[in-house]
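Me: I would like a close look at one part of this structure, the packing of its helices. Please take me through it in one connected account.

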Amino acid sequence: MRSFAIKVVVNAVAIWVATLVTGISVSGGSNTATGKVLTFLFIGLLFGIVNAFVKPVVKFFAFPFYILTLGLLTFVVNALMLELTSWLSQHTKLTLEIDHFWWQAVFAAVVVTFVSLVLNLILPDSLRDTDKRRRDRS
């Protein structure tokens, strides 16, 4: 549970950085700092759920294309996950808006991928190892 919460926070920060890309925006919620943080956490949660349930299926069926493109398809799949998150968020008050798929969504996917990578490297191993030790004990 703790590692999923960490992933949601990492997703929220990565999406916040991705909003610096022209054509990517998050709207809804209040204009206070707390409201904005909660908005990004909600979008991060939604993105985490999409990544947990939809992305493995897409990766399974797209496996030959991953090999063919030497892994560059990863950015397109991540852009598709951002688009799906955007579409799902349109049904709530808090929305992720992406203007165009090819340029904005793919570039945002690159930003989200690298920010997530950096944040996961920066996070202390003790946060990740705590969950592993708990699972090993049970």
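Reply: What follows is an account of how one helix packs against two others, and of some residues around it.

The model is a predicted one, in which local features need pLDDT of at least 70 and side-chain atom pairs count only at pLDDT 80 or more, while totals for chains, interfaces and linings use all residues. Residues are numbered from 1 along each chain as its sequence is written, and side-chain values use heavy atoms, with hydrogens and water left out. Helices (H or I, at least four residues) and strands (E, at least two) are DSSP runs numbered from the N terminus.

Two packed helices are described by the angle between their axes and the distance between the axes. Here the axes are lines fitted to C-alpha atoms, for helices over the stretch in contact, and the angles run from 0 to 180 degrees between N-to-C directions.

The axes of helix α5 (residues 73-89) and helix α2 (residues 33-53) come within 9 Å and cross at roughly 125°. α2 and α5 are therefore oblique to each other, on a scale where angles under 35 degrees count as roughly parallel, over 145 as roughly antiparallel, 65 to 115 as roughly perpendicular and the rest as oblique. On the α2 side the contact (heavy atoms within 4.5 Å) is made by Ile 43, Leu 46, Phe 47, Val 50 and Asn 51, and on the α5 side by Met 81, Leu 82, Leu 84, Thr 85, Leu 88 and Ser 89. Sorted by class, this contact of α2 with α5 has eight nonpolar, three polar and no charged residues; Ala, Val, Leu, Ile, Met, Phe, Trp, Tyr, Cys and Pro count as nonpolar, Asp, Glu, Lys and Arg as charged, and the others, Gly among them, as polar.

Also in α2 is Thr 39, which counts as buried because its relative accessibility is 4%; buried means under 20% relative accessible area, exposed over 50%, and partly exposed in between (1.4 Å probe, protein chains only). Leaving aside neighbours within four places in sequence, Thr 39 is in contact with Val 26, Ser 27, Gly 28, Gly 29 and Leu 94.

With helix α6 (residues 101-122), the axis of α5 comes within 8 Å and crosses at roughly 105°, and α5 and α6 are therefore roughly perpendicular to each other. Among the α5 residues that meet α6 are Phe 75, Ala 79, Leu 82 and Glu 83, and their partners in α6 include Trp 102, Ala 105, Ala 109 and Phe 114. The residues of this contact of α5 with α6 divide into 14 nonpolar, two polar and one charged.

Within α6, Ala 105 is buried, with a relative accessible area of 0%. Not counting residues up to four places away in sequence, Ala 105 touches Ile 24, Ala 79, Leu 82, Glu 83, Ile 98 and His 100. The C-alpha atoms of Ala 105 and Val 21 are separated by 9.2 Å, although these residues are 84 apart along the chain.

A search of the whole structure finds three aromatic pairs, where rings of Phe, Tyr and Trp (its six-membered ring) pair if their centres lie within 6.5 Å, and planes under 30 degrees apart count as stacked, over 60 as edge-to-face and the rest as tilted. One of them is edge-to-face, formed by Phe 60 and Phe 61 at 5.2 Å centre to centre with 80° between the planes. Phe 75 and Phe 114 form a tilted pair, with 6.2 Å centre to centre and 40° between the planes. This pair links distant parts of the chain, Phe 75 in α5 and Phe 114 in α6, 39 residues apart. Phe 114 is partly exposed, with a relative accessible area of 44%.
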